[in-house]
Amino acid sequence: MTELIRGRVLRYHADPFSVGPDAAQLTEALVIDKGSIVAVGAADALQRAYPGARITDYGTCLISAGFVDAHAHYPQSAIIASWGKQLIDWLNTYTFPEEMRFSNISYANEVAKRTFDLTLSNGTTSVCSYCTIQPESVDAFFSAAAARNQRVWAGKTCMDRNAPSALLDTAQSAYDDSARLLGSWHGRGRASYVITPRFSPTSTPDQLSALGALWAEHPKCLMQTHLSEQVDEISWMRALFPSARDYLDTYEAHGLLGAGGIYGHAVHLEPRERARLAEVDASLIHCPTSNTFIGSGLFDMAGLKAEGLRVGLATDTGGGSSFSMLRTMAGAYEVAQLRGHALHPSQLWWLATAGSAKALHADHQIGNIAPGLEADLVIIDLQSTPAIAQATARADDIWQAVFPTIMMGDDRAIRDVRVAGVSHKPQVSPKSQPSG
Ligand code: GUN
Ligand code: ZN
């Protein structure tokens, strides 16, 4: 059924880091049909062109591409906001014990469903997630996404050392499991499989090589991992890989550096790493709430964008402290301010939509509002709380009206979410939460 959606439609014709805030344009309406956007423009003209379309009017709400969370760990949803640890202790104390629970498929299904309820209610229509070592955790994630028809990316997290034995695979079983899961899920509906070594400290060189070989066999798949997140982690990596030139070299030497490489965090990069990442057109994912919560450091957004790198934005839950990409944009703003640089709201919004989509090589499918793209949308109330409403009351332009929602907004700002056109804003009821 054809539907004409009215509101303040925000779309990008370019990257605002390259051309400035006017890379974004506002228009009045879009038309969706069979899950895709078929037209965008002035409301009157579209009503004349599509006289039979059902009309949905969101008034003064902002209509944007749905948020794209380019790096998350759905198995860590329940341990979000765990107190008092930095990366390695945080992994050992909170993360690994929780990830062990995912050998239980019903627990994996429950957390996967809950994660999609939470992310959708925050306006996130696509997620690129790590799973756990257990193949069941991958099935749970992709099944829950398929039930909602969401475009998602995920992979089995591979580790064959430096983690509890219940969370270890081997070079061979990581290759075999990943290859089987890739065969089952990659390209099925809106799912994409991502080859996922957790990070070099938890993989032997043999395992990294095995996953590099798998990637070479499936070059169209993405490969995700963590890179240079925290200073202690980098010292640990150096002890484990004494002959590596730098952290990136631990991946590069094993076939894990390339254009479809998605490197999370990338806070403490050395000049050679920055140059190589740009040269191969790799993607970096900025996880600001995680980098502050776990105490990792300040991502160099201005410098890395100026060097031409693809950069996406992500929650990194549960190292990140919020499921909300609004809160994540606020975190990106704050981190950039600490480096002496004010990101424009147009840039923040672009990072959470088109930038993340581009980082995931999916900007021909999602992340923007244009004919031919999938109709994944978020509809935002720009006056969702009294504090936000009184700040926007004096806005002179759209970005002054949007910025208070970026800085102070949460799931109350999400009026509606569309997944391939279908309205899909689940309510998360505290009563439906599981015990322990
Ligand atoms: N590095 C390796 N594993 C993880 C993880 O689960 N979260 C974060 N933030 N960093 C990691
Ligand atoms: Zn992560």
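1. A polar contact is a pair of N or O atoms within 3.5 Å. That cut-off matters for the ligand, where Arg198 makes a good starting point. An N or O atom in the side chain of Arg198 lies 2.8 Å from a nitrogen atom of ligand 1. The pair is within 3.5 Å, so it counts as a polar contact. Please keep in mind throughout that this is a predicted model.

2. Two further side chains deserve a look. Glu229 places an N or O atom of its side chain 2.7 Å from a nitrogen atom of ligand 1. Gln76 meets an oxygen atom of ligand 1 instead, with a side-chain N or O atom at 2.9 Å. How much of the accessible area of ligand 1 does the protein cover? The protein covers 100% of the 270 Å² that ligand 1 has on its own.

3. Where does ligand 1 sit? Its place is in the largest cavity. Around ligand 1 there are 13 residues. The nearest of them are His73, Gln76, Arg198, Glu229 and Asp316.

4. Next, the make-up of the shell. By class, five residues of the shell are nonpolar, five are polar and three are charged. Which helix gives the largest share of the shell? Helix H3, residues 87-100, does, with three residues.

5. Now the backbone. Most residues other than glycine have a negative phi, and most peptide bonds are trans. Three places are worth checking against that background.

6. The peptide bond between Thr317 and Gly318 is cis, with omega about -5°. Gly318 belongs to the loop between strand E13 (310-313) and helix H13 (325-338).

7. Ala266 has a positive phi, near 50°, and is not a glycine. Its loop runs between strand E11 (261-265) and helix H10 (271-280). Is Ala266 buried or exposed? Ala266 has a relative accessible area of 1%. Buried means under 20%, so Ala266 is buried.

8. Asp281 also has a positive phi, near 65°, in a residue other than glycine. Asp281 is in the loop between H10 and strand E12 (283-286). Its relative accessibility is 30%. The partly exposed class lies between under 20% and over 50%, so Asp281 counts as partly exposed.

9. To view the model, start at ligand 1 in the largest cavity. Find the side chains of Gln76, Arg198 and Glu229. Then go to the cis bond joining Thr317 and Gly318. End with the positive phi values of Ala266 and Asp281.

Note on methods. Residues numbered from 1 in each chain as written. Chains lettered and ligands numbered in written order. Predicted model: local features only at pLDDT ≥ 70, side-chain atom pairs only at ≥ 80, totals over all residues. Heavy atoms only, no water. Near = heavy atom within 4 Å. Polar contact = N/O pair within 3.5 Å; in protein donor to acceptor, adjacent residues only side chain to side chain. Areas by Shrake-Rupley, 256 points an atom, 1.4 Å probe, with all protein chains shown as cover. 1 Å grid on protein atoms, 1.4 Å probe; cavity = no way out; pocket = protein on both sides within 12 Å on 5 of 7 lines; lining within 4 Å. Sits in = over half its atoms within 2 Å of the grid points. Helix = DSSP H or I, 4+ residues; strand = E, 2+ residues; numbered from the N terminus. Nonpolar A, V, L, I, M, F, W, Y, C, P; charged D, E, K, R; others polar. Buried < 20%, exposed > 50% of the residue type's maximum accessible area, 1.4 Å probe, protein only.
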